[in-house]
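Please open the model in your viewer and keep the selection tool at hand, since each stop of this tour begins with something to select.

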Amino acid sequence: MRSLRGNDQSVVRALNKNAVLNFLHHEGPLSRANLKERSGLSGAAISAVVAELMDDGLVEEQEIGPSTGGRPPVMLRVNYAARAAVGIKLMERELAAVLVDLGGRVRGGVRLPLAEHTPELVARVASQATEQLLAASNLPHDRLAGIGMGLPGVIDSARGVCVRSAYLGWQDVPIAALLEARVGVPTFIDNDVNAFAAAERLFGHGKGAAHLAVVTVGRGIGAGLVLGGVAHRGRDGGAGELGHTVSEVGGRVCECGKRGCLEAYASEPALLARAKEAGVRVKDVQDLLMNVHDERVAAILHDGGTRVGVALANLVNLVNPELVVIGGEGVRLGDVFFEALRAALREHAFDGLARHLPVVVEPWGDDAWARGAASLAVSRVFDLEVSSDV
Ligand SMILES: [Zn+2]
């Protein structure tokens, strides 16, 4: 949430608007009387705020069904189609972009080739993708709430700077400003996993959750944490590096250069490498999963799942979440992996912390990372927007 500036009255007005929009998002449709009751605001304040939100197009009156006697109250709801956001994910040789509405529905997608990961080229291709998406959906520029980009590595989301990304070879790159200068809309960046966690909070299972752990398994392993209703990023934006917590002291060499990291055992590339070392002839992860009847493969998947489950139990013991969501390409790893994961979590969670703890494995699609990135911009619509010029 941004810091409060501007004069008191404008701050109060923005806070009220924010509160009403969020009540409607989480609990809507609601009548003006419901809103008055829920928010504690006066009827006059509610009327003024609702009128403003309706002028912005963000709130609409719901069509009323056939009357069953008496005058039914007018119900209000969020108009999720009022704005859209673009989400961007960088891959090895291409850039994926999606256009989503405020409800997280994907309205269009595009993939453009990306020959290299220089910041200038990324900004140029991202801006091309944005223009293509707007044109294809006939969406005027002023309906675009913003652009979100998810990046692997340590991200300073407040300054819009990629502090370090080994994958991209970037250090202190102000990518948000570069893209904003080209497209002319607010641009937000965050770590990939945090972006996926933001999407879960806005539209997914984590809607309204105050203590949430979102874990992704795939090329890497990461965690996005929401603690006390606030995304936890840590001092440097590096919180949630679950994949680099130690699974085996002095163990396998990790991509990060250290030894024994969880990722060196249980990421998809690690599982594949371990299978090859065990003498199984496999070329990719699909191939690996086809060979799950091979007891060497089953043992490696079981071990990988167990190690992630142990790491999750450690995480649960540290932060006591109300919900765990698992996503990422690795959700395809199947029953051997996930049953071992759940068993290890139950076994090692302290004193019932895992009892009645939902662990949801989210189905994963090609656009999931980009959709997560879009939610970085969508969440700004629901968050407080107060600046010095209001
Ligand atoms: Zn590591």
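## Stop one: the zinc site

In sequence, the residues that supply the donors of the zinc ion follow the spacing H-x9-C-x1-C-x4-C, where a donor is an N, O or S atom within 2.8 Å of the metal (3.2 Å for Na, K and Ca), and where sites may look incomplete because water is not among the atoms. This is a predicted model, in which local features need pLDDT of at least 70 and side-chain atom pairs count only at pLDDT 80 or more, while totals for chains, interfaces and linings use all residues. Residues are numbered from 1 along each chain as its sequence is written, and side-chain values use heavy atoms, with hydrogens and water left out.

Select His244, Cys254, Cys256 and Cys261 together with the zinc ion: the protein donors are ND1 of His244 and the SG atoms of the three cysteines Cys254, Cys256 and Cys261, and they lie 2.0 to 2.3 Å from the ion. Why is the arrangement of the 4 donor atoms around the zinc ion called tetrahedral? The angles that they subtend are 105 to 118°, and four donors count as tetrahedral if all angles lie between 85 and 135 degrees.

Now keep His244 and Cys256 selected. His244 counts as partly exposed because its relative accessibility is 28%, and Cys256 is also partly exposed, at 40%; here buried means under 20% relative accessible area, exposed over 50%, and partly exposed in between (1.4 Å probe, protein chains only).

## Stop two: a sheet of three strands

Move next to the open sheet of 3 strands, whose order is S1-S3-S2 and whose pairing is antiparallel; strands (E, at least two residues) are DSSP runs numbered from the N terminus, and two of them pair if DSSP finds at least two bridges between them. Its edge strands, each pairing on one side only, are S1 (30-31) and S2 (59-61). Select S2 with S3 (residues 75-78), and you have an antiparallel pair joined over 3 bridges, in which Glu61 stands opposite Leu76 of S3.

## Stop three: strand S4 and its partners

Is S4 (residues 84-90) mostly covered or uncovered? It is mostly covered, with 7 of its 7 residues buried: Ala84, Val86, Ile88 and Leu90 lie on one side, and Ala85, Gly87 and Lys89 on the other.

Add S5 (residues 94-101), which runs antiparallel to S4 and is joined to it by 7 bridges; the two strands form a hairpin with 3 residues between them, and Ala85 stands opposite Val100 in S5. Finally, select S7 (residues 144-151), which pairs with S4 in the parallel sense over 6 bridges, with Gly87 opposite Gly148 in S7.

Key: Tetrahedral: all angles 85-135°; square planar, octahedral: opposite > 155°, others 65-115°. Helix = DSSP H or I, 4+ residues; strand = E, 2+ residues; numbered from the N terminus.
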